[in-house]
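Let's take a walk through a protein together. Have a look at the sequence and the 3D view, and then we'll start with a puzzle.

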Amino acid sequence: MSVPSSNNSNGASTDASSRERVISQMLFREVNERMRWLHTELEHTSELQIICECRNRGCLEPVCLSTASYDAIRRIPTHFIVKAGHEMPDGERVAGTFNGYVVAEKIGREAVTAVRFDPRKRSPSRESAPA
């Protein structure tokens with residue numbers, strides 16, 4: 001996944017570490033989409049356990065939620081699921097707080113990038129195997 005460099009209001013290139021954090025979040029979102037698919041394929045009825053989608057590349061904290069909640073959050077491509085306390089004030093805002101996790105909504109350029117690389121926009125059918 002390649003995210004182009006963007007400019008801030010001063011015309012300077014976006015900081016590389018900021019791009020890396022956004023890419024990391026999108027990668028974990030993709031991994032979680034595959035975990036959701038497997039959860040359905042294996043006909044699990046328990047809560048879905050996913051990986052925190054925060055900006056910390058080293059974070060592998062588990063987040064548990066119902067599949068219905070997961071699917072509702074995923075309907076909005078700017079929403080990311082992060083462990084409570086892992087949200088960041090720059091580039092996102094808290095859209096909802098739940099038991100053990102927060103829905104972080106991307107804003108500004110990060111929102112545009114999140115929509116552009118939304119895995120559900122690329123695959124019209126959630127019934128087919130992930131690519």
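Which residues are linked in a network of salt bridges? Keep that in mind while we get our bearings.

First, a word on trust: what you see is a predicted model. The average pLDDT of the protein is 82, and 79% of the residues score at least 70. Go easy on residues 1-13, where the pLDDT is below 50, although this stretch has 21 contacts in the model beyond near neighbours in sequence. Residues 125-129 also have a pLDDT below 50, with nine such contacts.

Now the layout. The protein has four helices and five strands. Follow the chain from the N terminus and you meet them in the order α-β-β-α-β-β-β-α-α. There are 131 residues, and 40% of them count as buried. If you take the contacts between residues at least 6 apart in sequence, 53% join residues at least 24 apart.

So what sits inside? In soluble globular proteins, nonpolar side chains tend to be buried together. Here, the largest nonpolar core has 15 residues, and the ones touching the most other members are I50, V63, L65, I81 and Y101. Two or more residues come from each of β1 (48-51), β2 (62-65), α2 (67-74), β3 (79-83) and β5 (101-106). Strand β5 gives the largest share, four residues. Try clicking on I50: leaving aside neighbours within four places in sequence, its contacts include V63, L65, Y70 and I81. There is also a second, separate core of five residues, among them V22, M26, F80 and F117.

While you're looking at strand β5, find A104, which has its place there. A104 counts as buried because its relative accessibility is 0%. Beyond its neighbours within four places in sequence, A104 is in contact with T78, H79, F80, V82, E92 and R93.

Next, turn to helix α2. Its buried residues are Y70, D71, I73 and R74. They cover an arc of only 160 degrees around the axis, so they lie on the same side of α2. The general idea is handy here: an α-helix has 3.6 residues a turn, so residues three or four places apart point the same way.

Did you spot D and R in that buried set? They bring us back to the puzzle. Side chains of opposite charge can pair when their charged atoms come close. The whole structure holds 11 salt bridges. In one of them, R74 meets E33 at 3.5 Å, N to O. That pair links distant parts of the chain, since R74 is in helix α2 and E33 is in helix α1 (residues 16-41), 41 residues apart. E33 also forms a salt bridge with R120, with the closest N and O atoms 2.8 Å apart. Because R120 lies in helix α4 (residues 119-122) and E33 in helix α1, this pair ties together parts that are 87 residues apart in sequence. With a relative accessible area of 9%, E33 is buried, and R120 counts as buried too, at 18%.

What about D71? Its partner is R36, and their closest N and O atoms are 2.7 Å apart. R36 belongs to helix α1 and D71 to helix α2, 35 residues apart. Both R36 and D71 are buried.

Now we can close the puzzle: the network of salt bridges links E33, R36, E53, D71, R74 and R120.

Terms used. Residues numbered from 1 in each chain as written. Predicted model: local features only at pLDDT ≥ 70, side-chain atom pairs only at ≥ 80, totals over all residues. Heavy atoms only, no water. pLDDT = per-residue confidence, 0-100. Contact = heavy atoms within 4.5 Å. Buried < 20%, exposed > 50% of the residue type's maximum accessible area, 1.4 Å probe, protein only. Core = buried A, V, L, I, M, F, W, Y, C linked by side-chain atoms within 4.5 Å. Arc of directions from axis to C-beta. Salt bridge = Lys/Arg side-chain N within 4 Å of Asp/Glu carboxyl O.
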